[in-house]
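Me: Please take me on a close look at the interior of this structure, starting from one aromatic residue and working outwards to the spaces around it. I'd like it as one connected account.

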Amino acid sequence: NEPLPIEITRGCVYSCKFCYFDKKYSDRKNLQLLKDEFLKNYEKYGTIDYHFCDDCFNDTREKVESVCNTILSLPFKINWVSYARADLAVKFPETYDLMVESGAKYLMFGLETFNHEAGKLAGKGVPPEKIKNMLIETRKKHYDKCMSMATFIIGLPKETKESQIETFNWLKENPVLDLIDLGTLSLIPVIEKVGDVVDFPDYAQN
């Protein structure tokens, strides 16, 4: 009855300016192999709970549809948690519904900021009002099925003290998230000798 971590995809197709992960790269597991692994874990250990360790589970609509439909084809239900992008849930709201239908119990979104200028510069360009509306609507629809968390970065270029306070006030007035994580923008110097193993973000290089 222990949840197991599993990787469905390695890398991230996006390129956020603050991120140290493998960017603009995605290597996905074969769907039949994935299904076989779910079946084996269930038959041997009774496993139905998973942490999908992808950097971004919902990076494309096609991926969400193919993986979630594979999960739904199993002869048993699973529960899972993972990381996701809110702007993809805005663009393809049906993918949020499909993730919840397939067993998503906890989705973690990197929102970073509600300052539109800071978001665009960092690689998160969807207008904040669209993100807020998505959070409100999905909360109404799925509040009893799937929890949600969001991370915010304090100190992004173009963020202001005033816009940060506006974000905090909106979050207090609109209880649409189960957990909020605040972190400061952290950058390390670019070191040439580890450049082949660390994908230094743009903000670190400049």
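Reply: Happy to! F38 is buried, with a relative accessible area of 0% (buried means under 20%, exposed over 50% and partly exposed in between, using a 1.4 Å probe and protein chains only). Before going further, note that this is a predicted model, where local features need pLDDT of at least 70 and side-chain atom pairs count only at pLDDT 80 or more, while totals for chains, interfaces and linings use all residues. Residues are numbered from 1 along each chain as its sequence is written, and side-chain values use heavy atoms, with hydrogens and water left out.

Back to the rings. The whole structure holds 10 aromatic pairs (rings of Phe, Tyr and Trp, the last by its six-membered ring, pair if their centres lie within 6.5 Å; planes under 30 degrees apart are stacked, over 60 edge-to-face, the rest tilted). F38 and Y50 make an edge-to-face pair, because their ring centres are 4.9 Å apart and their planes meet at 75°. Since F38 sits in helix α1 (residues 31–45) and Y50 in strand β4 (residues 49–52), this pair ties together parts that are 12 residues apart in sequence (helices, H or I with at least four residues, and strands, E with at least two, are DSSP runs numbered from the N terminus). Y50 is buried too, at a relative accessible area of 3%. Both rings belong to one aromatic cluster, made up of F38, Y50, F52, F57 and W80.

Just past β4, in the loop that leads to α2, comes D54. Its relative accessibility is 1%, so D54 counts as buried. The D54 side chain has polar partners: one of its polar atoms lies 3.0 Å from the backbone nitrogen of I8, and a polar contact of 2.7 Å joins the side chains of D54 and K63 (a polar contact is a pair of N or O atoms within 3.5 Å; within protein, one must be able to donate a hydrogen and the other to accept it, and residues adjacent in sequence count only if both atoms are side-chain atoms).

A second edge-to-face pair is formed by F114 and F152, at 5.4 Å centre to centre and 75° between the planes. F114 lies in the loop between β6 and α5, and F152 in strand β7 (residues 147–154), so this pair bridges parts 38 residues apart in sequence. F114 counts as buried at 10% relative accessibility, and F152 does so at 2%. F114 also has a charge over its face: K132 is 5.0 Å from the ring centre (NZ of Lys or CZ of Arg must be within 6 Å of that centre and within 35 degrees of the ring normal).

In strand β6 you will find E112, a buried residue with a relative accessible area of 7%. Most residues other than glycine have a negative phi. E112, however, is not a glycine and has a positive phi of about 70°.

β6 brings us to the empty spaces. There are 2 cavities of 30 Å³ or more (on a 1 Å grid over the protein atoms alone, a cavity is a set of points where a 1.4 Å probe fits but cannot get out, a pocket is an open set with protein on both sides within 12 Å along at least five of seven lines, and lining residues have an atom within 4 Å of a point). The largest cavity has about 150 Å³ of space (grid points are joined across faces, edges and corners, and the volume is that filled by probe spheres set on them). It is lined by 15 residues, and L111, T113, K124, V126 and I131 are the closest to its centre. At least two lining residues come from each of α3 (86–91), β6, α5 (116–122) and α6 (128–142). By class they divide into 6 nonpolar, 6 polar and 3 charged (nonpolar: Ala, Val, Leu, Ile, Met, Phe, Trp, Tyr, Cys and Pro; charged: Asp, Glu, Lys and Arg; polar: the others, Gly among them).

α6 also gives the second largest cavity the largest share of its lining, 4 residues. That cavity has about 50 Å³ of space, and its lining includes Y96, L135, R139 and H142.
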